[in-house]
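Reader: I have a structure open at the bench and would like to talk through its aromatic residues and its internal spaces. Could you take me through it?

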Amino acid sequence: MSGKQDTGAQRHVRIHRRPKSGERRRQNRLALAFFTAWIAATFLSGWVGIWFSVGTISIALGLTAALVAPETLRAEFRTNGRLVMLGVVGGLLMIAATYTLYPLARWLVPSVVTQSAALYATFGGAAGPKVWVLLPLVVLGEEIVWRGVVQRPLLLALGPIYGTLAAAGIYSLSVLAVGSWLLIGIAVGCGLYWSILRTYSRSLVPVLIAHLSWDICVFVLFPLR
């Protein structure tokens, strides 16, 4: 009886099993399709606004992933108390680093002030009561796309170190069309941080908590001025 019990370690191995070649090809095609759709959406941001374009594609692709790859998402969203705490601590570290480093960046590169103002204006749609409903959905979709659908096959193909670096690099490319060097820098730093967190935890839960808490704090509650 005890020999047939499904232990936590066994479940961990099962949900993170190495997929068969056909499944890997499907994951690769899905990652490429999601990347292409996201890039197309960022190119449209100049006409419809980044909040609308990226917000819409995040939610749409997140729902698509839930429909076409439910088993993968179930594996990505495994959770326990340790993973939740890791996300909380990860978010607090990000927030602390942001408010600590911003005055230094402003002193070293004065143009950061105007770039920050322009960036907040770009995300001007993220205001009012609707943000408390839409922002979690957008962040959820973004993490499903980048740290889930895109990063997962990269980790399998390249290993944890190079796969993490590749995922962060590709994520940074996704904001080039917006045309803000500050946003590119944020994408590089945050993308690498979130990708490392996903690789280390093997779950999207800590990344989602850290990402959402940072967004709410920096973009909604206490904007950088």
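Reader: Which residues do ring pairs link into a cluster?

Author: Bearing in mind that this is a predicted model, the cluster joined by ring pairs consists of Phe35, Trp38, Trp146, Tyr171, Trp194, Trp214 and Phe219.

Reader: And how many aromatic pairs does the structure hold?

Author: There are six aromatic pairs in the structure. In one of them, the ring centres of Phe35 and Trp146 lie 6.1 Å apart with the planes at 85 degrees, so this pair is edge-to-face. It links distant parts of the chain, since Phe35 belongs to helix α2 and Trp146 to helix α7, 111 residues apart.

Reader: Is Trp146 buried or exposed?

Author: Trp146 has 1% relative accessibility and therefore counts as buried, whereas Phe35, at 24%, counts as partly exposed.

Reader: What about Tyr171 and Trp194, how are they arranged?

Author: Tyr171 and Trp194 also form an edge-to-face pair, 6.4 Å centre to centre and with 70 degrees between the planes. Tyr171 lies in helix α8 and Trp194 in helix α9, 23 residues apart, and both residues are buried. In addition, the charged end of Arg147 sits over the ring of Tyr171, 4.4 Å from its centre.

Reader: Changing topic, how many cavities of 30 Å³ or more turn up in the whole structure?

Author: The search finds two, and the second largest has a volume of about 80 Å³.

Reader: Which helix gives the most to the lining of that second largest cavity?

Author: That is α7, with four residues. The lining includes Gly148, Val149, Arg152 and Pro153, and by class it has four nonpolar, three polar and two charged residues.

Key
Residues are numbered from 1 along each chain as its sequence is written. This is a predicted model: local features need pLDDT of at least 70, side-chain atom pairs count only at pLDDT 80 or more; totals for chains, interfaces and linings use all residues. Side-chain values use heavy atoms; hydrogens and water are left out. On a 1 Å grid over the protein atoms alone, a cavity is a set of points where a 1.4 Å probe fits but cannot get out, and a pocket is an open set with protein on both sides within 12 Å along at least five of seven lines; lining residues have an atom within 4 Å of a point. Grid points are joined across faces, edges and corners, and a volume is the space filled by probe spheres set on the points. Helices (H or I, at least four residues) and strands (E, at least two) are DSSP runs, numbered from the N terminus. Ala, Val, Leu, Ile, Met, Phe, Trp, Tyr, Cys and Pro count as nonpolar, Asp, Glu, Lys and Arg as charged, and the others, Gly among them, as polar. Rings of Phe, Tyr and Trp (its six-membered ring) pair if their centres lie within 6.5 Å; planes under 30 degrees apart count as stacked, over 60 as edge-to-face and the rest as tilted. Buried means under 20% relative accessible area, exposed over 50%, partly exposed in between (1.4 Å probe, protein chains only). A charge sits over a ring if NZ of Lys or CZ of Arg is within 6 Å of the ring centre and within 35 degrees of the ring normal.
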